[in-house]
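Reader: I would like a close look at a single part of this model. Please take the sheet region of one chain and the helices packed on it, then set that region in its surroundings.

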Amino acid sequence: MDTLLTAEIAANSPRYRRRSSTFIDGIHDVSDDQGQMAPAQLYSTMSGRLFHSGRIAIIMVGLPARGKTLGVKTRVFHLGDYRRATVPGGKVPEDYFYPNASPASQMLRQKILKKCREDIYAWLNHENGQVAIYDAVNPTAAGRRALAKEFANHDVQTLFIESYVDDPEILKENARNVKISSPDFHGMDPDEAAKQYLKRIETKIPVFETMNEEELNYVKMINAGQSFFYNNVSFNYLSHRIVFYLTNLHIKSRRTFFARAGTTTDEDSYKADAPLSEEGRHYARKMAETLLRHREQERLASIANGGPDVPLRPLTVWTSTRLRTVQTAEPLKEMGFKVRQRSQMSQINPGVCEKLSERAIRALYPEEVEKHERDPYHHRYPRAESYHDLAVRLEPIILELEREQNDLLIIAHESVLRVLYAYLMHCSTMDIPKLKFPRDEIIEIIPAAYQNEAKRIHIPGLDPKTIPSSPEDIRIPVPSPSGQATPVPAMPNLPESAAANVEEEQAAPVQHPPEKIVNTAVKDMVSDKVTDED
Amino acid sequence: MAPRMNGVGIMPEDTRICVVMVGLPARGKSYIAQKAQRYLKWLSIPAKTFNVGNYRRNDAPHPSADFFDTNNPEGERKRRAAAEAAVSDMLKWFKEEGGVVGILDATNSTKERRKWVLDKVGREGIEVLFVESKCDDEELIMANIRDVKTSSPDYVGQDPEKAAQDFRERIRHYEKVYKSINEDGDEDDLTYLKIMNVGRKVFINRIQDYLQSRIVYFLMNLHIRPRSVWLSRHGESVLNLEGRIGGDSELSHRGEEYARKLPELVRESVGDDRPLTVWTSTLKRTIATARYLPKHYNQLQWKALDELDAGVCDGMTYQEIADRYPEDFQARDEDKYNYRYRGGESYRDVVIRLEPIIMELERSEDILIISHQAVIRCIYAYFMQKSQEESPWVPVPLHTLIKLTPRAYGTEVQTYKANIKAVSTWRGKGSTAKHEDPAPDGGI
């Protein structure tokens, strides 16, 4: 398995949290299947691990309801899951969470702890894992020291991450909003759940010691990202990364829109950097109109629903440095929107595959095709970029995107949209090469508590020829989806259906209502792991 | 068709930041300031350091320690005037010269002074990021003092022992009034980065935007452990022989010879005992060049180290480019840093994609990079502070190992020739020669 450490950010700034009723403060993780990795990985190495980091256990420290928030995609071991799996029905003895539990309860705790840690070692040592996240409260200094020692004996470095909150506002909101959705309280009266939950916290507060261990590597995140303290982190690489990502958590309710670039006069050539064709310019105008109309409609709808009558958030446009994206942004630029070029957003480089048909590629590079079919995400044709390369290249863009405060329209090539979309929507890397962004849709990403949501906004009145997935992309034989749906449900299967749809539209231009997409697979998974307070 | 649209909008143009250094003398503030400035300028973010000491020296060139005594009204007045002059010049620079990151290099060791800077700069809509270097490791401080007494203009021509003593006296005056940021708990509203003992502990408070987080991240990656970075181009390639640019060709015979010689060259420069990590590009010629290096060296391939993409001109000779794209050929010579090949990259683009590499380099210890002419020029420009006009023209000969060693104020360069003949791939302005020889002086 290739390396991981991907940083990806859960949606939660303190301000956002206060408004949200379903805020997640656990770790956003993806499924554990091999080969499922997040985009924006740093890079791969010959050994398959980030060699300068070794095997690492990230250990979460903190009381429940204190916003343990970190989005490193890797394997997460929630002690709470083990507890629920070990004890039928999840019913643990009354005193299980108490520091002075009965011997029987303590034995049970030990048993559950042991099972969880054994799994971590097995995964790190035998399954080539690199970063295990051990999610439990780990409240005492002595316990943490022992844990660091135990992991060290297994040749695993430890990095503790503590989320420390002393802002009463944040504490209260967290308890009220989040924890009662935990599986432990499922089906319970909310008031009763909150009461039980707070009681659980109270029983633990006396024994909780905030991190102050000079010799341990730790990062302390204070009041949901307002400050960070960073101690003695000897394997800097990872911890630096983590801090960088944590400091970049900044999601308000701003929207991100994705749109394709228009068609060009020389669609087949990557190198030509051709300008927009007549249809392409038409598309650029239509896209701009549709987007602005949509934003205004959303604003009016919000007011109609009792929202405040405030002006729209400013919109910034990012393009690549390729002519077609720059020119697609021109109508918006003329209207006074700020347009910024990003050289990292150029489309995936097709290398030797440029202008070759699939048949030609198969004939010329049979071995490469075979490798590609085995791993379409990581494989790189000669002189080309893999999707993995592209994701690495886009990493700074992703960070800046997390920091952006305005609404953002990204006009880019399909390959770039795939990676950015997958990042924001938690798609599996294996699906990235297959995601489709027909030109007659603008995608809107809306930050939501557990998992971002996407809407597709139809652009009416386009020439059907210009709609399908891009010929600008590498024409490489991607293995056909093995019956498995991409994480974007019901993306219309253009181009087959395009012709029919469009005919209908031209007869009577229908304004399709925006369609909402939620990556439900992720949502279920995350909500299952929301709260673990062992 | 406009081949030169580079750079526009690449900078975070709305943000202006004043980085205010905080800390006692001999805590590496100027070192941090200088590193940050170099990094930002390399990324084309206008950055400038305003050193209050330099302003003060206009008025008091060689002050003795009691000048810094807070009970000395004359000294206080002059120091205050120097700080005012520095800040007002900085504000002028923001306003008139489009400055983005101004660095105020001074001790700023009291709450009052910090509040004064915050008010004065904040009023202009400029964000203030305080960066404190706090150090109680005596050894580190002594090393810094030794450095200062030999290099500070305040002590030019003085007996080094006396200078050191006077300097320690000066530090004591500062210590009397020094308050670490938020030491009293009433500066919690400030945006700041506090680095304790060169990164053993770091505290970050209220970082507001992307550019701030970039600066903070960069500063956190700095370390002062001794190390070097070695750079080498790949061995001479088949396309080099033909005078063609780009491509993904194999090594020539002589290039192969260089690959075999490289381990010896590296041993001579690095020694046997230091573990070295080798970074190559993903192209055949760098991987082939690295393949005889000792097996225990870690090797890593970076896509970001691939040669500048010449787009439609890939694989051509300069003559062919001049014939087929005469306007481009000329445009490139006029502004080589910003010229982007059709369907390819500019030097500016390469710098942007190398930024994560620089971050890794700052963080890492001994690294050998085997890459390509344009990429090595960009990395070299970072370490040597070469301007954008200059860096794309720096001659980087084949079959030469370059050793860069960062020092407190600048970088030391050493070169090791393999003495294996190779063609010259350096090209002067306007030339279409296949192999221009010899390259001018001033190269690596």
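Author: Start with a helix. In this predicted model, helix H13 (residues 347-363) of chain B lies across E7, strand E8 (277-280) and E10 of chain B. H13(B) runs at about 175 degrees to E8(B).

Now the sheet itself. Six strands of chain B form an open sheet. Their order is E9-E8-E10-E7-E11-E12. The pairing is mixed. At the edges are strand E9 (298-301) and strand E12 (410-417) of chain B, and each pairs on one side only. From one strand to the next, the twist averages 20 degrees.

Take one end of that order. Strand E11 (residues 400-407) of chain B pairs with E12(B) in the antiparallel sense. The pair has 8 bridges. In one of them, Thr400(B) has Lys417(B) of E12(B) as its bridge partner. As background, strands of a sheet pair through backbone hydrogen bonds, either parallel or antiparallel.

A second helix packs on this sheet. Helix H9 (residues 253-270) of chain B touches strand E7 (229-233), strand E10 (367-371), E11 and E12 of chain B. The direction of H9(B) makes about 30 degrees with that of E11(B). E7(B) and E10(B) therefore recur: H9(B) touches them, and H13(B) lies across them.

How confident is the predictor here? Among the elements of chain B, E7(B) has the highest mean pLDDT, 98. Helix H5 (residues 138-151) of chain B has the lowest, 78. Chain B averages 90, and 95% of its residues score at least 70. Treat one stretch apart: over residues 1-12 of chain B, pLDDT stays under 50. The model has 36 contacts for that stretch beyond four places in sequence.

Next, the empty space. A search of the whole structure finds 12 cavities of 30 Å³ or more. The largest holds about 410 Å³ of space. Its lining counts 29 residues. Closest to its centre are Ile245(B), Gly246(B), Glu307(B), Tyr318(B) and Gln373(B). Helix H8 (238-242) and helix H14 (373-384) of chain B each supply at least two lining residues. H14(B) gives the largest share, 3 residues. By class, the lining has 10 nonpolar, 10 polar and 9 charged residues.

Chain B also takes part in another open sheet, shared with chain A. This sheet has 12 strands, and its pairing is mixed. The order is E4(A)-E5(A)-E2(A)-E6(A)-E7(A)-E8(A)-E6(B)-E5(B)-E4(B)-E1(B)-E3(B)-E2(B). Strand E4 (75-78) of chain A and strand E2 (47-51) of chain B stand at the edges. Each has a single partner strand, so one side of each is left without a neighbour in the sheet. Here the twist averages 15 degrees from one strand to the next.

The chains meet in this sheet at strand E8 (residues 227-231) of chain A and strand E6 (residues 201-205) of chain B. They pair in the antiparallel sense over 5 bridges. Asn231(A) has Lys201(B) as its bridge partner in E6(B). On the chain A side, helix H4 (residues 141-153) packs on the sheet. H4(A) touches strand E2 (56-61), strand E5 (131-135) and strand E6 (157-164) of chain A. Its direction makes about 150 degrees with that of E6(A).

Finally, chain A's confidence. The chain averages a pLDDT of 71, and 63% of its residues score at least 70. Over residues 1-53 of chain A, pLDDT stays under 50. Residues 63-73 of chain A are also below 50.

Technical notes. Residues are numbered from 1 along each chain as its sequence is written. Chains are lettered from A and ligands numbered from 1 in the order in which they are written. This is a predicted model: local features need pLDDT of at least 70, side-chain atom pairs count only at pLDDT 80 or more; totals for chains, interfaces and linings use all residues. Side-chain values use heavy atoms; hydrogens and water are left out. On a 1 Å grid over the protein atoms alone, a cavity is a set of points where a 1.4 Å probe fits but cannot get out, and a pocket is an open set with protein on both sides within 12 Å along at least five of seven lines; lining residues have an atom within 4 Å of a point. Grid points are joined across faces, edges and corners, and a volume is the space filled by probe spheres set on the points. Helices (H or I, at least four residues) and strands (E, at least two) are DSSP runs, numbered from the N terminus. Ala, Val, Leu, Ile, Met, Phe, Trp, Tyr, Cys and Pro count as nonpolar, Asp, Glu, Lys and Arg as charged, and the others, Gly among them, as polar. Two strands pair if DSSP finds at least two bridges between them. Axes are lines fitted to C-alpha atoms, for helices over the stretch in contact, and angles run from 0 to 180 degrees between N-to-C directions. Contact means heavy atoms within 4.5 Å. pLDDT is the predictor's confidence in each residue, from 0 to 100.
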